[in-house]
Amino acid sequence: MFKSKCLFLLLSLLVLVPICMSHKTIEGNGYLYPQFYDRTCPKAQEIVKSIIAKAVSRDSRMAASLLRLHFHDCFVKGCDASILLDNAGSIISEKGSNPNRNSVRGIEVIDEIKSALEQACPQTVSCADVMALAARDSTVIAGGPSWVVLLGRRDARGASLSGSNQNIPAPNNTFQTIFTKFKLKGLNIVDLVALSGSHTIGFSRCTSFRQRLYNQTGNAKPDFTLDQSYAAQLRTRCPRSGGDQNLFSLDPVSPFKFDNSYFRNLLASKGLLNSDEVLVTKNQESLQLVTQYAQNNQLFFEQFAKSMVKMGNITPLTGSMGEIRKNCRKINS
């Protein structure tokens, strides 16, 4: 009896060894994991969530803007907060790139969060992690799914204007170009369609889709794949010239609610951007995914959450790489 108890105790200890060591092993290798700040800044997630809630209550567009900010960061050099850096010295800010100029928003909210975190736990929580948490919390506040955010990213000490111009999918890109940009980041066609579903909230400028209304194929005619009554409605506020900054909801059915109506709009030929429309007209697999998500909101939510975790894991800086910026707009001196 005594021997059997000892054997059981020994086996129990052997089972527990890898469990106890796993935290140190993961930390040493620089992996991302949810509990990264549990000891060093236990209220970090609570602080982020509180400020995001206030920001979205002040400006309902902010949820989409913060989600987009994370996306535009991760597709350039990985999820490293490079998008937040201002021009300084040898750094040329990504804010001046074609995808970001006059459209990137929410940086002042990240500043507010970072300031609060610096008071609570100085130089501990990275700007890159703040953006990852902000994207999740913004989605939830808008009525979308939640997910466990993996943490431990560090901040870049440089930016890439060329990378921002080249790597971020553009509204007028072909399906193949968009798909290639996703594949280069380790994302597949399921991720592409699911993450495009973020267009269920947010707005786009007239300049981003004007060609669909007047000269889609260079023949001075509107895009035949766009519902013509919808096109006529858009033309009233998006003229041939002027009105570049006029805003239009990406999902006119429920512009501030995170749901699957974006996909239903696509099937009704009412996708605003060319990059939306190609999901149903240029690839059979993406069309099938759009149809599935249009029919099943829960399926969309589940896949969106998985794809956001996957996107948030694009080549993060970890361990001793990069730094933890005190001010998200500039590198530490």
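Which handedness, left or right, does the crossing of helix 3 and helix 5 have? In this predicted model, helix 3 and helix 5 cross in a left-handed manner. The notes below cover that helix pair, then a group of annotated binding-site residues and two of its members, V76 and S82.

**Helix 3 and helix 5**
- The two helix axes come within 8 Å, and they cross at roughly 140°.
- Helix 3 contributes A63, L66, L67, L69, H70 and D73 to the contact, while helix 5 contributes M131, A132, A135, S138 and T139.
- By type, the residues of this contact are 7 nonpolar, 3 polar and 1 charged.

**Annotated binding site**
- An unreviewed UniProt entry carries the annotation "binding site" for D73, V76, G78, D80, S82 and E94.
- These residues gather at one spot, because no two of their C-alpha atoms are more than 13.1 Å apart although they span 22 residues in sequence.
- D73, one of the annotated residues, is also among the helix 3 residues that contact helix 5.

**V76**
- V76 sits in the loop that runs between helix 3 (62-74) and helix 4 (107-120).
- Its relative accessibility is 0%, so V76 counts as buried.
- Beyond four places in sequence, V76 touches S82, E94, S160, G163, S164, N167 and I168.

**S82**
- S82 is likewise found in the loop between helix 3 and helix 4.
- With 0% relative accessibility, S82 counts as buried.
- Outside its neighbours within four places in sequence, S82 is in contact with D73, V76, K77, E94, A156, G158, A159 and R325.
- The side chains of S82 and D80 are joined by a polar contact of 3.0 Å.

Note on methods:
Residues numbered from 1 in each chain as written. Predicted model: local features only at pLDDT ≥ 70, side-chain atom pairs only at ≥ 80, totals over all residues. Heavy atoms only, no water. UniProt positions renumbered as here; feature names shortened; annotations may be inferred. Helix = DSSP H or I, 4+ residues; strand = E, 2+ residues; numbered from the N terminus. Buried < 20%, exposed > 50% of the residue type's maximum accessible area, 1.4 Å probe, protein only. Contact = heavy atoms within 4.5 Å. Polar contact = N/O pair within 3.5 Å; in protein donor to acceptor, adjacent residues only side chain to side chain. Axes fitted to C-alpha atoms, helices over the stretch in contact; angles between N-to-C directions. Left-handed = near helix turned anticlockwise from the far one by under 90°. Nonpolar A, V, L, I, M, F, W, Y, C, P; charged D, E, K, R; others polar.
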